[in-house]
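Trainee: I am new to this structure. Please take a close look at the charged side chains that pair up, and describe their surroundings.

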Amino acid sequence: AFDATGAQAAFDIIGQIAFDVDGNLIAIDRDHLRKITPAGVVTTLFADQVINWNAVAADSSGNLYGIE
């Protein structure tokens, strides 16, 4: 996973996606959780952890949920 803005960002294999309360796209990218802002800024959430989720969801309070 490579964090950057726009076309400079790199992805591995995008799986399930969800939108959070702020309009960010939250995506499962192989074993990582990535956030893509409306401006195109890509960051890896929980960079030290491997995410083994098959699905992701966000609630109106900004909490993220995953299903293994």
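Mentor: What follows sets out the overall fold, then the salt bridges, then the nonpolar parts.

This is a predicted model, in which local features need pLDDT of at least 70 and side-chain atom pairs count only at pLDDT 80 or more, while totals for chains, interfaces and linings use all residues. Residues are numbered from 1 along each chain as its sequence is written, and side-chain values use heavy atoms, with hydrogens and water left out.

The protein has seven strands and zero helices. Both terms refer to DSSP runs numbered from the N terminus: H or I over at least four residues for a helix, E over at least two for a strand. The 68 residues have a radius of gyration of 11 Å, which agrees with the value near 11 Å for a compact globule. That radius is taken over C-alpha atoms, and the globule rule is 2.2 Å times the number of residues to the power 0.38. Along the principal axes, the C-alpha atoms fill a box of roughly 30 × 25 × 20 Å. Of the 68 residues, 31% count as buried; the word means under 20% relative accessible area, with exposed over 50% and partly exposed in between (1.4 Å probe, protein chains only).

Now the charged pairs. Side chains of opposite charge can pair when their charged atoms come close. A salt bridge here is a side-chain nitrogen of Lys or Arg within 4 Å of a carboxyl oxygen of Asp or Glu. The whole structure holds three of them.

One joins Asp3 to Arg34, with the closest N and O atoms 3.2 Å apart. Asp3 lies in the segment before β1 and Arg34 in strand β4 (residues 32-36), so this pair ties together parts that are 31 residues apart in sequence. Arg34 also bridges to Asp29, where the closest N and O atoms are 2.6 Å apart. Asp3, Asp29 and Arg34 are therefore linked in a network of salt bridges. Within that network, Arg34 is buried at 0% relative accessible area and Asp29 is buried at 2%, whereas Asp3 is partly exposed at 37%.

Another salt bridge pairs Asp12 with Arg30, again with the closest N and O atoms 2.6 Å apart. Asp12 sits in the loop between β1 and β2, and Arg30 in the loop between β3 (25-29) and β4, so the bridge ties together parts 18 residues apart in sequence. Both count as partly exposed: Asp12 has 46% relative accessibility and Arg30 has 45%.

The nonpolar parts complete the picture. A nonpolar core is a set of buried Ala, Val, Leu, Ile, Met, Phe, Trp, Tyr and Cys residues joined through side-chain atoms within 4.5 Å. The largest one has eight residues: Ala18, Ile26, Ile28, Leu33, Leu45, Ile51, Trp53 and Val56. Apart from it lies another core of six residues, including Ala4, Leu25, Ala27 and Val42. Ala4 lies in strand β1 (residues 4-5) and is buried at 17% relative accessibility. Leaving out residues up to four places away in sequence, Ala4 touches Ala9, Gly40, Val41 and Val42, a contact being heavy atoms within 4.5 Å. Under that sequence limit, the contacts of Ile28 include Ile13, Ile14, Leu33 and Trp53. Ile14 is found in strand β2 (residues 14-19) and is partly exposed at 40% relative accessibility.
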